[in-house]
Amino acid sequence: MKIEQVPCGECGILIPEVTAQRTRGLCIPCKMRLTKSDPFQDFYKALAERIDRFPNGFTSLTEPEKLYFALNLFRDEVQAGGFSQYFSGSAGFYFEYAEKGAEAIGAKRLLAVLREVKEFLFPEMPVPADTEQRRRILRTPRPGVTSAQWTEKMNEFRKRFDASSEHLSERLKVYARQQRLVSEHDLVDG
Ligand SMILES: [Zn+2]
């Protein structure tokens, strides 16, 4: 009897169809590799959950936890939708901590971009904690800045973010270790 085989959705090696049905189309090594937990990502998710679940979730975090959370969130949001998405969504609330976080991990180029974007979008004021207020400011046309110039500037910021954020994840890991946010035994085989 012939065993039906299908290619693994990740690496393309042929695997029995019965296996593919159990693993959503992956060979066993790919399945293991892709589902392996990442203690740093797990910790970030755990922080996000605490913040979502409890009214004082964020304020109950330690300072290093706040910075770690805010910078991870900043990276994910900007990568997904740029600075406009970041500041017009609830994530923008945590900007101050993302900035402190970039400073704490020594990401100098990123910090420079972050400060310039902030100054361009919210000149001479702290980033408002209130989301509606941030949106209002973002929607208000700036005297002397055409919408084409605006878009160009935002694209430029985005490019500089991409160029300066390449080591961000690594730096965040180093920071998490230094601050003992992620315990060493979680990292065995990491
Ligand atoms: Zn595979």
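**Exercise 1.** How are α4 and α7 oriented to each other?

*Solution.* The structure is a predicted model, in which local features need pLDDT of at least 70, side-chain atom pairs count only at pLDDT 80 or more, and totals for chains, interfaces and linings use all residues. Residues are numbered from 1 along each chain as its sequence is written.

Step 1. Locate the helices: α4 covers residues 63-88 and α7 covers residues 131-139. Helices (H or I, at least four residues) and strands (E, at least two) are DSSP runs numbered from the N terminus.

Step 2. Take the angle, which is about 135°, with the axes 8 Å apart. Axes are lines fitted to C-alpha atoms, for helices over the stretch in contact, and angles run from 0 to 180 degrees between N-to-C directions.

Step 3. Classify the angle. Under 35 degrees counts as roughly parallel, over 145 as roughly antiparallel, 65 to 115 as roughly perpendicular and the rest as oblique. Therefore α4 and α7 are oblique to each other.

Step 4. List the contact (C-beta atoms, placed from the backbone, within 7 Å): Ser84, Phe87 and Ser88 of α4 meet Arg134, Arg135 and Leu138 of α7.

Step 5. Sort these residues by class: 2 are nonpolar, 2 polar and 2 charged. Here Ala, Val, Leu, Ile, Met, Phe, Trp, Tyr, Cys and Pro count as nonpolar, Asp, Glu, Lys and Arg as charged, and the others, Gly among them, as polar.

**Exercise 2.** Find how α4 and α5 pack.

*Solution.*

Step 1. The angle is about 100° and the axes lie 8 Å apart.

Step 2. The two helices, α4 and α5, are therefore roughly perpendicular to each other.

Step 3. On the α4 side the contact includes Leu67, Leu71 and Phe74, and on the α5 side Tyr97, Ala98 and Gly101 are among the residues.

Step 4. The contact of α4 with α5 divides into 9 nonpolar, 1 polar and 2 charged residues.

**Exercise 3.** Do the same for α5 and α6.

*Solution.*

Step 1. Helix α5 (residues 95-104) and helix α6 (residues 108-121) pack at about 155°, their axes 9 Å apart.

Step 2. α5 and α6 are therefore roughly antiparallel.

Step 3. Phe95, Ala98, Glu99, Ala102 and Glu103 in α5 face Leu110, Leu111, Leu114, Arg115 and Lys118 in α6 as contact partners. By class, this contact has 6 nonpolar, no polar and 4 charged residues.

**Exercise 4.** Describe the chain as a whole.

*Solution.*

Step 1. The chain has 9 helices and 2 strands, in the order β-β-α-α-α-α-α-α-α-α-α.

Step 2. Its C-alpha atoms fill a box of roughly 75 × 40 × 30 Å along the principal axes.

Step 3. The domain assignment, automatic or from a database, gives domain 1 (5-35) and domain 2 (39-187). Their C-alpha centres lie 36 Å apart.

Definitions and conventions
Contact = placed C-beta atoms within 7 Å.
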